[in-house]
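User: Hi! Could you walk me through this structure, starting with how the helices pack?

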Amino acid sequence: MTTQMEVNTGGRARKRLTLKDKKKSCDCIRRSEVMRIFNIKSKTTVRRLDKKRELFLSAPEDDKAPKKIFTIRKFEEVEKALLKFVEDCHARDMPLSRNDLKQEALDIAQRLQIKGFTGSNGWVHKFMKRYDLGSVVLHGEEASASQDVADSWISNDIPTIIQSYKNEDIFNCDETGTQYRALPKKTLTKEGQKKKGGKVNKERLAAGKKLPPLIIGNSKKPRIFTKAKLDIQKAGFSWYANSTAWMKTGIFEEWLTNLNNSMKAQKRKILLLLDNFSAHRVDSKSNVRLVFLPPNLTSKVQPLDKGIIASYKKYEQRFKAEHRRKSLYNFSSASDYTKSINVLDAVKWVVRGWAEVKESTIRNCFRAAGVYHMTERS
């Protein structure tokens, strides 16, 4: 057995006790006997061994036992409950992420009224290491962008384009999709344990703009909206539909007209930067000027691609993961769970994720793209 413990022998080379030695020390009646048999000079070491007597006696002594000293860990109740949660996830083939572990551990500590538990990244890392949990795979545009041309656009073109607009009147729009019934492509599992992935569910929504998000689905009026008595006008998003759940010229034209009417009412004239996607190729409006970004440079010069979309995705995934964790015990398998997800769930994740994107993130990304007056004009 290779489990060992260093023993201070009074300035000489440290002696290491194996788990077998520790078990044997438990048979000794007197501490002085332990000191004599194992040549230990420190009474403190012997007292420490004696305090852990029950732990040593209950520890398995075989080749598969962990090669670390057995210790009584803090927050052991949280750990036991979290391990049960992991096993339940595996039994249902439910994907599991590091963030799932952290959030579930925090929920467990709250349920058990355990104080002082923070669910730190270090604690989660050690938990994963103890139980051999590792990430396994279940199943942009940057390369084509010329940095020289992008730098020229930012240095020479953008300052001229934005010079007559205040920062608050400069906007950028783009589309991004969410496959709302798709589970994560990776999961945490024990080393050597194979996991099968479910089918990639490709039902999707498209979302963009901040301004309220414009969301495109497959149905003009989903039944779940009617059932929930959802008033879209007050729900904080715009809803459109087509067979592909993707942006079309007609949808963009209608959205742009509504935006123009809103700007008219506010007596504002704004600049809207956007890529050359075919659905965007419409004329500017009286109060909304469209400026198209250079082809193949979107990833380098578009503010949204500087971190805004990534920030939104992070928050959206967080809300999806929270829903997945809380639904674990309501379904017998990951497949049953994904079938239960509806469009309203997805819309809530989109709206909440978009609302979480910080104004400071947006400002910093516009600065990074050069679309920002460092000194605001009067």
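Analyst: Happy to; we can go through helix packing, aromatic rings and a few single residues. Keep in mind that this is a predicted model.

User: Good to know. How do helix 6 and helix 7 pack, and at what angle?

Analyst: Helix 6 covers residues 98–111 and helix 7 covers residues 121–130. They pack at an angle of about 110°, and their axes are 10 Å apart.

User: So what do you call that arrangement of helix 6 and helix 7?

Analyst: Roughly perpendicular, because angles of 65 to 115 degrees count as that. The crossing of helix 6 and helix 7 is right-handed.

User: Which residues meet there?

Analyst: On the helix 6 side you have R98, L101, K102 and A105. They meet N121, W123, V124, H125, F127 and M128 of helix 7. By class, the residues of this contact between helix 6 and helix 7 divide into 6 nonpolar, 2 polar and 2 charged.

User: Where else does helix 6 pack? What about helix 12?

Analyst: The axes of helix 6 and helix 12 come within 10 Å and cross at roughly 55°. That makes helix 6 oblique to helix 12. Helix 6 passes helix 12 in a right-handed crossing.

User: And which side chains should I click on for helix 6 and helix 12?

Analyst: Pick D100, Q103, E104 and D107 in helix 6, which meet A321, R324 and R325 in helix 12. The contact of helix 6 with helix 12 has 1 nonpolar, 1 polar and 5 charged residues.

User: Nice. How does helix 12 pack with helix 14?

Analyst: Helix 12 (residues 308–326) and helix 14 (residues 343–356) pack at an angle of about 135°, with axes 8 Å apart. That makes helix 12 oblique to helix 14. Helix 12 passes helix 14 in a right-handed crossing.

User: Who takes part in the contact of helix 12 with helix 14?

Analyst: From helix 12, the contact is made by I308, Y312, Y315, E316, F319, K320, E322 and H323. From helix 14, D345, W349, V350, R352, G353, W354 and E356 take part. These residues of the contact of helix 12 with helix 14 divide into 7 nonpolar, 2 polar and 6 charged.

User: Switching topic: how many aromatic pairs are there?

Analyst: The count comes to 9 aromatic pairs. One of them is F117 with W123, which is edge-to-face: 4.9 Å centre to centre, with 90° between the planes.

User: Are F117 and W123 buried or exposed?

Analyst: F117 is buried, with a relative accessible area of 10%. W123 is buried too, with a relative accessible area of 14%. Under 20% counts as buried, so these values qualify. W123 also turned up above as one of the helix 7 residues that meet helix 6.

User: Any other aromatic pair to look at?

Analyst: Try F331 and Y337, an edge-to-face pair with 5.8 Å centre to centre and 70° between the planes. Y337 is buried, with a relative accessible area of 2%.

User: Which rings link into a cluster?

Analyst: F75, F117, W123, F127 and Y131 are linked into a cluster by ring pairs. F127 is among the helix 7 residues that meet helix 6 as well.

User: Now some single residues. Where is H280, and what does H280 touch?

Analyst: H280 is in the loop between strand 10 (270–274) and strand 11 (288–292). H280 is buried, with a relative accessible area of 0%. Not counting residues up to four places away in sequence, H280 touches E175, F252, L274, D275, L290 and F292.

User: And V301? Which element is V301 in?

Analyst: V301 lies in helix 11, residues 298–301, and V301 is buried, with a relative accessible area of 0%. Leaving aside neighbours within four places in sequence, V301 is in contact with A150, W153, I154, L293, P294, K306 and A369. The C-alpha atoms of V301 and A368 are separated by 8.3 Å, and these residues are 67 apart along the chain.

User: Last one: where is K52?

Analyst: K52 is in the loop between helix 3 (43–51) and helix 4 (53–58). K52 is partly exposed, with a relative accessible area of 25%. K52 and K22 are 30 residues apart in sequence and 9.2 Å apart in space, C-alpha to C-alpha.

User: Great, thanks!

Notes
Residues are numbered from 1 along each chain as its sequence is written. This is a predicted model: local features need pLDDT of at least 70, side-chain atom pairs count only at pLDDT 80 or more; totals for chains, interfaces and linings use all residues. Side-chain values use heavy atoms; hydrogens and water are left out. Axes are lines fitted to C-alpha atoms, for helices over the stretch in contact, and angles run from 0 to 180 degrees between N-to-C directions. Helices (H or I, at least four residues) and strands (E, at least two) are DSSP runs, numbered from the N terminus. Angles under 35 degrees count as roughly parallel, over 145 as roughly antiparallel, 65 to 115 as roughly perpendicular and the rest as oblique. A crossing is left-handed if the near helix is turned anticlockwise from the far one by less than a right angle, and right-handed if clockwise. Contact means heavy atoms within 4.5 Å. Ala, Val, Leu, Ile, Met, Phe, Trp, Tyr, Cys and Pro count as nonpolar, Asp, Glu, Lys and Arg as charged, and the others, Gly among them, as polar. Rings of Phe, Tyr and Trp (its six-membered ring) pair if their centres lie within 6.5 Å; planes under 30 degrees apart count as stacked, over 60 as edge-to-face and the rest as tilted. Buried means under 20% relative accessible area, exposed over 50%, partly exposed in between (1.4 Å probe, protein chains only).
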